[in-house]
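Me: I have a model to go through with you. Can we take it topic by topic?

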Amino acid sequence: MHHCFLIRNADTILTMDDTRRELKGGDILVRDGVIEAVGKGLYDDDAQIIDGRGTVVTPGLVNTHHHLYQTMTRAVPAAQNALLFGWLQTLYPIWAKFGPDHMRISAMVGLAELALSGCSMTSDHLYLYPNGSRLDDTIDAARLIGVRLHATRGAMSIGESAGGLPPDSLVEREADILEDCIRVIDTFHDASDGAMIRVAVAPCSPFSVSRELMRDAAVLARDKGVMMHTHLAENDEDIAYSLEKFGCRPGQYAESLGWTGPDVWHAHCVKLDAAEIDLFAKSGTGVAHCPCSNCRLGSGIAPVRAMRDAGVPVGLGVDGSASNDGSNLILEARQSMLLQRVAFGADKMSAREALELATRGGAEVLGRDDLGRLAAGKRADIAIWDVSDIESSGSWDPAALLLAGPTQVKDLFVEGRHVVADGWLTTVHLPEVLRQQSALVKGVMDR
Ligand SMILES: [Zn+2]
């Protein structure tokens, strides 16, 4: 496949490269899924031309934490106003009715919503596998929608009868969990540059699996050369649980089981203290910051400013659609900017830095130095934002997208493929996918 295109004369290109270069009236030349050049006055005889006038161009956004299956349980009445643990106990019995079709269709809807908001690469955390569901269902969905997926093989092993939160029907035997981790890594994980699918190992949280599984999962992940992911230090209940059950804070617990390092990223980390931030910075442990979910569940404000200043890799996550309840990543980036400001001051998170979290930051957290910036040799994941419309009208700095700018992308390229064109998803017929999701949701409500 030889395919070459030239984005020409964009109002601004926010490269997020090593010098955070911004080009006015710039061009990007892409050949066979790779960025060949970023500059001015570029030219190629064979290139298809994409007119960049009236647009701001950024790297494709990167989402580092999601539970795509929850797209089928948005705004469930009994979970609307509950705290985290009560929220989980309301939703578990509903999720227990899901099967492979629910997993695939909900993932397609969530991935489509992400793509329309400029997201070219996402992680997903699937930690329950009822009625024959498999990680394969989510991976199928990503291939159909056309976005990059870091699928994480989540797990829960401590059910109600053993003193855990989830019903016994949603937990698995630890030996089965590890065996399926090996299967999905061997089947799907692609370690190469430009990989569309990677796999990571991801027990749901320290309170839903045993200490042994946390440790064994880390050993397995390192043996296979894949990354590790879980939820950590999400709220005060989470800290209290750790102190009571493990006699230490979540950061220490993670460290004692091998869960720190550049191959690890933890979701939330709202309640990390100064020593834990230091530990994460020194070890290169990443954080998936999920501001809307933290607001939605009343968990608190993550100390992102302090994490960034200490050198902790931080990316953004929309989190599951039952706790957001949306998957719009550009709005999530705006929320991250606002939340740091309300806690620490208006000068503590600029629009450009928050956009950096959503692009380069996320790519770093997911271990992808081939992505997250617009530079020669990087993969062609590119978002083009229309700044000629109402949201940007009157803006003195349209490149400050998170202050005044569109909430949906105009064009999105993933590995050079035109996944969103002029605001429309090109890869699937979205109304049909939404119809299928509605039918499945109705089926679950009726049972
Ligand atoms: Zn989560």
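The chat below covers the metal site, the cysteines, some salt bridges, one helix and a surface patch.

Me: Before we start, what kind of model is this, and what are the ground rules?
Reply: This is a predicted model: local features need pLDDT of at least 70, side-chain atom pairs count only at pLDDT 80 or more, and totals for chains, interfaces and linings use all residues. Residues are numbered from 1 along each chain as its sequence is written, and side-chain values use heavy atoms, with hydrogens and water left out.

Me: Metal first. Which residues are the protein donors of the zinc ion?
Reply: His65, His67 and His231, each through NE2, plus Asp319 through OD. They lie 2.1 to 2.4 Å from the zinc ion. Donors here are N, O and S atoms within 2.8 Å of the metal (3.2 Å for Na, K and Ca); water is not among the atoms, so sites may look incomplete.

Me: What's the geometry of the site?
Reply: Irregular, with angles of 88 to 173° among the four donor atoms. For the cut-offs: four donors count as tetrahedral if all angles lie between 85 and 135 degrees; four count as square planar and six as octahedral if opposite donors are over 155 degrees apart and all others between 65 and 115; anything else is irregular.

Me: How are the donor residues spaced in sequence?
Reply: The pattern is H-x1-H-x163-H-x87-D. Histidine 67 sits in the loop between strand 6 (61-63) and helix 1 (84-95), and histidine 231 in strand 10 (residues 227-232), so this pair ties together parts that are 164 residues apart in sequence. Helices (H or I, at least four residues) and strands (E, at least two) are DSSP runs, numbered from the N terminus.

Me: Histidine 67 and histidine 231, buried or exposed?
Reply: Histidine 67 is buried at 3% relative accessibility. Histidine 231 is buried too, at 8%. Buried means under 20% relative accessible area, exposed over 50%, and partly exposed in between (1.4 Å probe, protein chains only).

Me: New topic. How many disulfides?
Reply: Zero in the whole structure. The cut-off is a pair of cysteine sulfur atoms within 2.5 Å.

Me: Why no bond for cysteine 269?
Reply: Because the closest cysteine sulfur, in cysteine 290, is 9.1 Å from the sulfur of cysteine 269, too far for a bond. Cysteine 269 is also buried, with 0% relative accessibility. Cysteine 4 is another buried one, at 9%.

Me: Salt bridges next. How many are there in the structure?
Reply: There are 37. Each is a side-chain nitrogen of Lys or Arg within 4 Å of a carboxyl oxygen of Asp or Glu.

Me: What does aspartate 136 pair with?
Reply: Arginine 183, with the closest N and O atoms 2.9 Å apart. This pair links distant parts of the chain: aspartate 136 is in helix 3 (residues 135-145) and arginine 183 in helix 4 (residues 174-188), 47 residues apart. Aspartate 136 is buried at 9%, while arginine 183 is partly exposed at 26%.

Me: And arginine 249?
Reply: Arginine 249 bridges to glutamate 276, closest N and O atoms 2.8 Å apart. Here, too, distant parts of the chain are linked: arginine 249 is in the loop between helix 6 (236-246) and helix 7 (250-256), glutamate 276 in helix 8 (residues 274-283), 27 residues apart. Both residues are buried.

Me: Where do arginine 360 and glutamate 364 lie?
Reply: Both are in helix 12 (residues 351-365), four residues apart, about one turn of the helix. Their side chains meet in a salt bridge of 3.2 Å, N to O. Arginine 360 is buried at 9%, and glutamate 364 is partly exposed at 39%.

Me: Back to helix 3. How many of its residues are buried?
Reply: Eight of eleven, so helix 3 is largely enclosed by the rest of the structure. Among them are Leu135, Ile139 and Ile145. Threonine 138 is buried as well, at 2%. Its C-alpha is 7.9 Å from that of methionine 108, 30 residues away in sequence.

Me: What follows helix 3?
Reply: Glycine 146, with a positive phi near 95°.

Me: Last one. Which residues form the nonpolar surface patch?
Reply: Ile301, Val342 and Phe344, with about 270 Å² of accessible area together. Patches are made of residues with over 30% relative accessible area and no salt bridge: like charges are joined within 9 Å, nonpolar side chains (Val, Leu, Ile, Met, Phe, Trp, Tyr) within 5 Å. Areas come from the Shrake-Rupley method with a 1.4 Å probe; for residues, only the protein chains shown count as cover. Isoleucine 301 is partly exposed at 33%.
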